[in-house]
Amino acid sequence: MILYMNKLLPVQASVSNLTIAGTISTATHGSGIQYGTLSSYVRSITLMKLDGELKEYRLEDDEELFRCLTCCLGTFGIIISVRLQVSQLFYLELNQHALEFHKFLNAMPIYYSSSDHFRYTWYPYTNFGIAYHLTRVQPRLINYKTSIVSKVFSWFRYSLIGII
Ligand SMILES: Cc1cc2nc3c(=O)[nH]c(=O)nc-3n(C[C@H](O)[C@H](O)[C@H](O)COP(=O)(O)OP(=O)(O)OC[C@H]3O[C@@H](n4cnc5c(N)ncnc54)[C@H](O)[C@@H]3O)c2cc1C
């Protein structure tokens, strides 16, 4: 829905089939060092408390209580609705490369602060892994026309080998 309005969730988990209430209740996070958890973008929350009363809590009324409510594993009541700060629509540009595990460990802060979102997949028992840099860019038209060679390459890479 918010995609049609050119808006996006500011952060999201690595999978998308989760609920807003569940991700807020567990302070689900994305991958960018400068972005908060999903809970940190909640501005107000309406709960059905244990006695059945509906109550709206707002960040500006009591920040300490509000921070507890937005990561409470359902212990304060049932989340009925939330007001959430969203982002303008953006695309993500992916740049990925092989990176030795020890090189990554020695310069981790440089890597995780070098792009909007950084992820490293390590292959256990090896000194090998893949670094993924994702940068937020302005939305633009994408040309989906690809050559036969790149289609074959994509099938080989994503379907046969399974590297994303
Ligand atoms: C494959 C997979 C990948 C994941 N990747 C990430 C990731 O990249 N980053 C990350 O941070 N987390 C990740 N997680 C964890 C995930 O974000 C949390 O488990 C999240 O809570 C799942 O959301 P859900 O909608 O399934 O919630 P549920 O598992 O259904 O509930 C989670 C908690 O929220 C409470 N809750 C749910 N709905 C309500 C409600 N309406 N009112 C009050 N409380 C409620 C429940 O009581 C429970 O305590 C991942 C989980 C999986 C399974």
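**Exercise 1. What percentage of the 164 residues in the protein do buried residues make up? Relate the answer to the overall dimensions.**

Solution. The model is predicted.

Step 1. Buried residues account for 8% of the 164 residues.

Step 2. The C-alpha trace spans about 60 × 40 × 25 Å along its principal axes.

Step 3. Next, take the secondary structure: the protein has 5 helices and 8 strands. Read from the N terminus, the order of elements is β-α-β-β-α-β-β-β-α-α-β-β-α. The radius of gyration is 20 Å, well over the 15 Å that the globule rule gives for 164 residues, so the protein is more spread out than a compact globule.

Step 4. Of the contacts with a separation of 6 or more, 62% are between residues 24 or more positions apart.

**Exercise 2. Describe the two domains and the contact between them.**

Solution.

Step 1. The domain assignment gives domain 1 as residues 7-88 and domain 2 as residues 91-161.

Step 2. A distance of 30 Å separates the C-alpha centres of domain 1 and domain 2.

Step 3. At the contact, 4 residues of domain 1 meet 6 residues of domain 2. On the domain 1 side, the residues that touch domain 2 comprise 1 nonpolar, 3 polar and no charged.

**Exercise 3. Work out the strand order of the sheet that contains β4, and give one pair of bridge partners.**

Solution.

Step 1. The sheet is open and has 3 strands in the order β3-β2-β4, with antiparallel pairing.

Step 2. β3 (54-58) and β4 are the edge strands, each pairing on one side only. From one strand to the next, the twist averages 20°.

Step 3. Strand β2 (residues 42-48) pairs with β4 over 6 bridges in the antiparallel sense. Serine 44 has arginine 83 in β4 as its bridge partner.

**Exercise 4. Is isoleucine 79 buried or exposed? Identify what surrounds this residue.**

Solution.

Step 1. Isoleucine 79 belongs to strand β4 (residues 78-84).

Step 2. The cut-off for a buried residue is 20 or more other C-beta atoms within 10 Å. Isoleucine 79 has 21 other C-beta atoms within 10 Å, and is therefore buried.

Step 3. Leaving out residues up to four places away in sequence, isoleucine 79 touches Ala21, Ile24, Ser25, Ile45 and Leu47.

Step 4. Glycine 22 is 57 residues from isoleucine 79 in sequence, while the C-alpha to C-alpha distance between the two is 9.1 Å.

**Exercise 5. Analyse the hairpin of β7 and β8, including the backbone of its loop.**

Solution.

Step 1. Strand β7 (residues 117-122) and strand β8 (residues 129-137) run antiparallel and are joined by 6 bridges. Among the partners, threonine 121 is bridged to isoleucine 130 in β8.

Step 2. The hairpin has 6 residues between the strands. Tyrosine 125 lies in this loop between β7 and β8.

Step 3. The phi of tyrosine 125 is positive, near 70°, in a residue other than glycine.

Step 4. A residue is exposed if 12 or fewer other C-beta atoms lie within 10 Å of its own. Tyrosine 125 counts as exposed because it has 6 C-beta neighbours inside 10 Å.

**Exercise 6. Where is asparagine 6 found, and what is its phi?**

Solution.

Step 1. Asparagine 6 is in the segment before β1 (7-8).

Step 2. Although asparagine 6 is not a glycine, its phi is positive, about 60°.

Step 3. Asparagine 6 has 12 C-beta neighbours inside 10 Å and so counts as exposed.

Note on methods: Residues numbered from 1 in each chain as written. Predicted model: local features only at pLDDT ≥ 70, side-chain atom pairs only at ≥ 80, totals over all residues. Domains from an automatic or database assignment. Contact = placed C-beta atoms within 7 Å. Nonpolar A, V, L, I, M, F, W, Y, C, P; charged D, E, K, R; others polar. Pairing = 2+ DSSP bridges. Helix = DSSP H or I, 4+ residues; strand = E, 2+ residues; numbered from the N terminus. Axes fitted to C-alpha atoms, helices over the stretch in contact; angles between N-to-C directions. Rg over C-alpha atoms; globule rule 2.2 N^0.38 Å.
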